[in-house]
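Reader: Could you walk me through one part of this fold up close, with the cut-offs spelled out? I'd like to know what it packs against and how.

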Amino acid sequence: MESGVGGNSNERHGVFKDDSWFSQFRNGSNPWMARYVYALIFLVSNLLAWAVRDYGRNTFPEMEKLKNCQGGRGCLGAEGVLRVSLGCFAFYFVMFLSTAGTKRKYNCRDSWHSGWWSAKIGLWIALTVTSFLVPTFIIQIYGEIAHFGAGIFLLVQLVSVISFITWLNDCCQSDKNAERCHIHVMLLATAAYVICIVGIIMMYIWYAPKPSCLLNIFFITWTLVLLQLMTSVSLHPKVNSGFLSPGLMGLYVVFICWCAIRSEPAGESCNRKAEASNKTDWLTIISFVVALLAMVIATFSTGIDSQCFQIRKKEAPAEDAVAYGYGFFHFVFATGAMYFAMLLIGWNTHHTIKKWTIDVGWTSTWVRIVNEWLAVCVYLWMLVAPVILRCGRTSEPA
């Protein structure tokens, strides 16, 4: 009986391999193709939230007639963003609950994740529409919860980025690749440090033009100090992680610092770029589109990186094991739904956001800065933890 079942599974697998990618997608057998559809749904939700925020009164005038909209105040603007986010979060949370723990392909939960698109798109639309029918107080509660959900997303993304950097560094330093990758590592590390220094200098020029810009000077200078600290710890003889990982981490923290200062609201004398962005021109629109796409790509790439959160020793996957963690994938998208809501409303449910802007406000600035400092702390801990554990084991009595 078992051999018959296995034969049918292998036969079906062989048929799927011979089919085109479209046939695999249609039959619900291609989880790699499915993740792009989930990302597309996430992108559409982002665009819908932006449209409700910036052009809701002109594009969706019927909303003002709804009971909970209160003439548009409850369904448009910041609250409209939260309603779209709630529908998107509910969809991915349902998918998380229904796919968490899936280990093997060719079962009902694998088929549900990779197929049944008519039912799932209908579910997403129904949940999004329902979010505009719930009372305002529920949306306010969701807005408070979304702050924590967005923080979880930032933490997951941070661990994913740091894990990738340390994996790349360990791969280049391994006995197998050390000699072959030596020149490439030096060139990449040098380029990373040069970009970091140039970025810090440009931030001083753009965002600290006067000695009175103490806060921006502090942000930029402290980023430089953190870069030096990461390099010193990485080069310590007991750690010996080389130049590559602190150089790449330096790029990451400099980028976060730049995003944080750019999030400062327009009208600040120390932020010339914010003053220039008062007018909606093509550069502002391009920056908004790039930021939106970057958010979707970051959510997508983090969602398939469940390996970096495995505590147990990794084992060789079985032949019929799933391609990636379905539950973790949907969990990241669920928290990402909360995160895009916070970006579009500036982390403040009572904050009025200008058109074609994203992640602007003092709350956004401090969230970015704290995220930068937390990233450095996590990275330093990942460097020194093995040394501390090693010393603890050697100091134990025999």
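Author: Sure. Helices (H or I, at least four residues) and strands (E, at least two) are DSSP runs, numbered from the N terminus. With that in hand, let's look at helix 4, the helix that S98 lies in.

A word on the ground rules. This is a predicted model, where local features need pLDDT of at least 70 and side-chain atom pairs count only at pLDDT 80 or more, while totals for chains, interfaces and linings use all residues. Residues are numbered from 1 along each chain as its sequence is written, and side-chain values use heavy atoms, with hydrogens and water left out.

First, the setting. The chain has 14 helices and zero strands. Of its 398 residues, 45% are buried, where buried means under 20% relative accessible area, exposed over 50%, and partly exposed in between (1.4 Å probe, protein chains only). Contact here means heavy atoms within 4.5 Å. Among the chain's contacts with a separation of 6 or more, 76% come from residues 24 or more positions apart.

Now helix 4 itself. Helix 4 has 23 residues and covers 33 Å from its first C-alpha to its last. That is close to the 33 Å expected at 1.5 Å a residue; the expected span is 1.5 Å times one less than the number of residues. Just after helix 4, G101 takes a positive phi of about 85°.

What does helix 4 pack against? One partner is helix 13 (residues 326–344): the two axes come within 7 Å and cross at roughly 170°. Axes are lines fitted to C-alpha atoms, for helices over the stretch in contact, and angles run from 0 to 180 degrees between N-to-C directions. That makes helix 4 roughly antiparallel to helix 13. For the angle words, under 35 degrees counts as roughly parallel, over 145 as roughly antiparallel, 65 to 115 as roughly perpendicular and the rest as oblique.

On the helix 4 side, the contact with helix 13 is made by V81, L82, S85, C88, F89, Y92, F93, M95, F96 and T99. Helix 13 answers with Y326, G327, H330, F331, F333, A334, A337, M338, F340, A341, M342 and L344. By class, that contact has 18 nonpolar residues, four polar ones and no charged ones. For the classes, Ala, Val, Leu, Ile, Met, Phe, Trp, Tyr, Cys and Pro count as nonpolar, Asp, Glu, Lys and Arg as charged, and the others, Gly among them, as polar.

Another partner is helix 6 (residues 117–131), whose axis is 8 Å from that of helix 4 (residues 77–99), at an angle of about 140°. That makes helix 4 oblique to helix 6. The crossing is right-handed; a crossing is left-handed if the near helix is turned anticlockwise from the far one by less than a right angle, and right-handed if clockwise. In this contact, R83, V84, L86, G87, A90, F91, V94 and M95 of helix 4 meet K120, L123, W124, L127, T128 and S131 of helix 6. The residues there split into nine nonpolar, three polar and two charged.

M95 turns up in the lists for both helix 13 and helix 6.

A residue from elsewhere ties into this picture too. S45 is in helix 3 (residues 31–59), and it is buried, with a relative accessible area of 2%. Leaving out residues up to four places away in sequence, S45 touches V84, C88, W124 and F340. Those names should look familiar: V84 and W124 are in the contact of helix 4 with helix 6, while C88 and F340 are in the contact of helix 4 with helix 13.

Back to S98. S98 is partly exposed, with a relative accessible area of 23%. Setting aside residues up to four places away in sequence, S98 touches R109 and W112. S98 and D110 are 12 residues apart in sequence, and their C-alpha atoms are 9.9 Å apart in space.

For contrast, here's a residue in another part of the chain. L158 is found in helix 7 (residues 136–173) and is buried, with a relative accessible area of 0%. Not counting neighbours within four places in sequence, L158 is in contact with Y252, N371, L374, A375 and V378. L158 and Y379 are 221 residues apart along the chain, with their C-alpha atoms separated by 9.5 Å.
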